[in-house]
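Before reading on, please take a moment with the sequence and the model, which will be described here one part at a time.

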Amino acid sequence: MPRQLGELEDAVMTRVWEWNRPVTVREVLEDLQQERSIAYTTVMTVMDNLHQKGWVRREVEGRAYRYTAVSTRAAYAAALMNEAWSRSDNPAAALVAFFGMMSAEQREALRDAMRIVLPTLPEDGSAPDPGEAADDAEPESGR
């Protein structure tokens, strides 16, 4: 399970994810320098660490590496949520508390996601009838 990225790791990965293309240390450095004073070697070390941790892959291009994200920010966020949820001694209560913290926009995004995962979910967001899912299943053969 992934460990949460540190502040600088997250700043670097945010650029890699947003740009969605192979990037160099120099490109990330120049963008980061718009917000803070930071050395080339610091960014190079962070990107090497992200490579060692499996967050990015790299390919040599001339005398530099080009780094590409291994997975998406959405996959990273999902893994962190799953890790936090799996550590709870009461997963149902943790979900109730999490849902209670959500904004209206986040709840709508959750409804949209549930419609993708459970296509039979009614428009009002209520749980589908358990019998409906069974009706959609293929009949068992040999009976």
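The report below looks at one helix and then at two single residues.

The model is a predicted one, and every value given here was computed from it. Helix α4 covers residues 73-86 and therefore has 14 residues, and from its first C-alpha to its last it reaches 20 Å, which is close to the 20 Å expected at 1.5 Å a residue.

Which residues of α4 are buried? They are Y76, A79 and E83. When α4 is seen down its axis, these buried residues fall within an arc of 65°, so they line one face of the helix. What covers the buried residues of α4 includes helix α1, which is made up of residues 7-19.

The two single residues are set side by side in this table.

| Residue | Place | Relative accessible area |
|---|---|---|
| N20 | loop between α1 and α2 | 67% |
| R26 | helix α2 | 44% |

N20, which is found in the loop between α1 and α2 (25-32), has a phi near 50°, and this is a positive value in a residue other than glycine. Is N20 buried or exposed? With a relative accessible area of 67%, N20 is exposed, because the cut-off for an exposed residue is over 50%.

R26 has its place in helix α2, and with a relative accessible area of 44% R26 is partly exposed. How many residues apart in sequence are R26 and V43? They are 17 residues apart in sequence, while in space the distance between them, C-alpha to C-alpha, is 8.4 Å.

Terms used
Residues numbered from 1 in each chain as written. Predicted model: local features only at pLDDT ≥ 70, side-chain atom pairs only at ≥ 80, totals over all residues. Heavy atoms only, no water. Helix = DSSP H or I, 4+ residues; strand = E, 2+ residues; numbered from the N terminus. Expected span 1.5 Å × (residues − 1). Buried < 20%, exposed > 50% of the residue type's maximum accessible area, 1.4 Å probe, protein only. Arc of directions from axis to C-beta. Contact = heavy atoms within 4.5 Å.
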